[in-house]
Amino acid sequence: MKKLLSSMLVVCVFLFHFSVALASASQSPTVIVIGAGISGIAAAKTLHEAGIQDILILEATPRIGGRLMKTQFSGLTVEKGANWLFGGGPVSNPLLDLAKKLKLRTYINDYENITSNTYKQNGGLYPKQLVEEVEEVATARDDFCEAFSKKLSAKKKDIDVSILAAQRMSRKVPRTPLEMVVDYYHNDYEDGEPPKVTSLKHTYPRNEFVDHGEDPYFVADPRGFEIIVQYLAKQFLSSLTTDPRLKLNKVVREVSYSKNGVTIKTEDGSTYNSKYVIVSASVGVLQSNLIDFQPKLPTWKRIAISDFSMTIYTKIFLKFPYKFWPAGPGTEFFLYTHVRRGYYPLWQHLENEYPGSNILFVTVTADESRRIEQLSDEEIEAETMEILKKLFGDNIPKPEAMLVPRWGLDKFYQGSYSNWPDSYNQKRKDHLADPVGPVYFTGEHTSDKYIGYATGAYLAGIDTANDLIECIKKKSCKGYIHNHQ
């Protein structure tokens, strides 16, 4: 009898949630959210909790999570997209807190001995003392850049330069292949683009590290980093598959807007109407022709979108039948030096995260990522094997499997994350986040403090939703301020 009553209670609770979901999923919701990445889901959750439950989420792919994306590789779960959370700082990282709550399996990476593991272009290690000297110069250069950035920020005029310009002013410009690979480790590895195109003022100091800390928690959980997005979604959706407020495989192709509301058309011919829309597509997608806005977005908005930077960060995973590289403490990372900056520069083995997996992965970014994405897997394997043979000998085995994410070629992402370009001022950055009438924009690219990071994406979704809540409840709407051509 108790079991029967318990079962009936469960059914009643389910039916109640389902009926609430149905009631909220009207044909003309108050808000449509485009994109079910962490920004879109955070925005929808914030609206829901503020009492605006008449929402609809349209996601182009068959899943939620966006650029938090796991995949199976040689029987293990690896992250194609975002992989790290940062902690240890004075400000609590909300995503790291969630990760701990969900008991997400993470490992703190150890970069301490990278100076002992820096290889020459044709093989052989650089002397540790030499690399340490180069590393000390790089650290001093970073300190100069940070101090100069703060000096620029203190000026009333919005003056900015590239990181490279500041490096030139420090008289410590990296020139040799060794100096360039160490500089890559300090800059490109984090920003996804080289110092010559990256804003100094809006990159130094890196707010993610200043606030949340520099302890790099590497996510290695069978459920994937995306479990955080799923957890957030389950706070307000009755189901991730059947709640009528979430529609997967809905590719938005047209957003028509006026002061009377929004009409959205998807690739499958469906039409949806709402009073407002939150667009959480990446800045790379906004730069492409995937979504057509009618009328065209104002010139100030299109310039803000077109002039920002979407970069590519590529992790190439290689699975071997056995280890042939150094293992044990102090060997997790190694640098490869080449005359071409960014040519397969930064390698990591996954023995700490996945003992006995025999997996290496190498990181490439920006133009090298774009070049590599045009190559076949066989050509990429040949390039990586040529390097590994120089470092570890000709008798090493071929990889049993390889994974090459191609974020830049994926029309639903058009890259990995954004980067603040030099000469892109704060006013234009504000325009990037500004709404246009009933069309609101969110994503990691709209975050001022944490662009390029999952934390920035999450907080941006909340901020955008709060702006819209102000508009709906208090009629304090930003969206009409700049609404001119």
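Reader: Which residues does Ser-39 touch, not counting residues up to four places away in sequence?

Author: In this predicted model, Ser-39 touches Ser-280, Thr-442, Gly-443, Glu-444, Ala-457, Tyr-458 and Gly-461, once residues up to four places away in sequence are set aside. Ser-39 itself lies in helix H2, which spans residues 38-49, and the unreviewed UniProt entry places the feature "binding site" at Ser-39, Glu-59, Ala-60 and Val-252.

Reader: Why is Ser-39 called buried?

Author: The relative accessible area of Ser-39 is 6%, and buried means under 20%, so Ser-39 counts as buried.

Reader: What makes Glu-59 count as buried, and where is Glu-59 found?

Author: Glu-59 is found in the loop between strand S2 (55-58) and strand S3 (70-73), and because its relative accessibility is 6%, set against a limit of under 20%, Glu-59 too is buried. Leaving aside neighbours within four places in sequence, Glu-59 is in contact with Gly-35, Ala-36, Gly-37, Lys-247, Leu-248, Asn-249 and Lys-250.

Reader: How do you know that S5 and S8 pair?

Author: Pairing requires at least two bridges, and S5 and strand S8 (residues 215-219) have four bridges in the antiparallel sense, so the two strands count as paired. Within S8, Asp-215 stands opposite Gly-87.

Reader: What makes S5 and S6 edge strands?

Author: The open, antiparallel sheet has three strands in the order S5-S8-S6, and strand S5 (84-87) and strand S6 (106-108) each pair on one side only. Helix H3 (residues 94-101) lies across S5 and S8, running at about 105° to S5.

Technical notes:
Residues are numbered from 1 along each chain as its sequence is written. This is a predicted model: local features need pLDDT of at least 70, side-chain atom pairs count only at pLDDT 80 or more; totals for chains, interfaces and linings use all residues. Side-chain values use heavy atoms; hydrogens and water are left out. Contact means heavy atoms within 4.5 Å. Axes are lines fitted to C-alpha atoms, for helices over the stretch in contact, and angles run from 0 to 180 degrees between N-to-C directions. UniProt positions are given in the numbering used here, feature names are shortened, and annotations may be inferred rather than shown by experiment. Buried means under 20% relative accessible area, exposed over 50%, partly exposed in between (1.4 Å probe, protein chains only).
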